[in-house]
Amino acid sequence: MSYKCAVCGKGSRSGNTVSHSNKTSKRLFRPNLQSLNILLNGIKTRKYVCTACIKSNKVKKAI
């Protein structure tokens, strides 16, 4: 499973960890994904959705 939001497609981004001495090493910035029961095309499914999509009501929660 790829680490992506099912609604907007937001995924991991790469960047650097910067220490106090300004030394850098690679790291991943990951989105805050939550597992939710949502309605996709009228079908109840369990998908990973980012919290930005949940807050902006882009997702219809299935009960």
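**Group meeting: a quick walk through the chain**

Okay, so the chain has one helix and four strands, where helices (H or I, at least four residues) and strands (E, at least two) are DSSP runs numbered from the N terminus. Along the sequence that reads β-β-β-β-α. The radius of gyration, taken over C-alpha atoms, is 16 Å, well over the 11 Å from the globule rule for 63 residues, so the chain is more spread out than a compact globule. That rule is 2.2 Å times the number of residues to the power 0.38.

Some ground rules. This is a predicted model: local features need pLDDT of at least 70 and side-chain atom pairs pLDDT 80 or more, while totals for chains, interfaces and linings use all residues. Residues are numbered from 1 along each chain as its sequence is written, and side-chain values use heavy atoms, leaving out hydrogens and water.

On to the inside. Buried residues, meaning under 20% relative accessible area with a 1.4 Å probe and protein chains only, are 19% of the 63. The largest nonpolar core (buried Ala, Val, Leu, Ile, Met, Phe, Trp, Tyr and Cys joined through side-chain atoms within 4.5 Å) has eight residues: Cys5, Leu33, Leu36, Ile38, Val49, Cys50, Cys53 and Val59. β3 (33-40) and β4 (43-50) each put in at least two, and β3 gives the most, with three.

Last, the rings. The charged end of Arg27 sits over the ring of Phe29, 3.8 Å from its centre, and that of Arg30 sits over Tyr3 at 4.3 Å. The cut-offs there are CZ of Arg or NZ of Lys within 6 Å of the ring centre and within 35 degrees of the ring normal.

How values were computed:
Buried means under 20% relative accessible area, exposed over 50%, partly exposed in between (1.4 Å probe, protein chains only).
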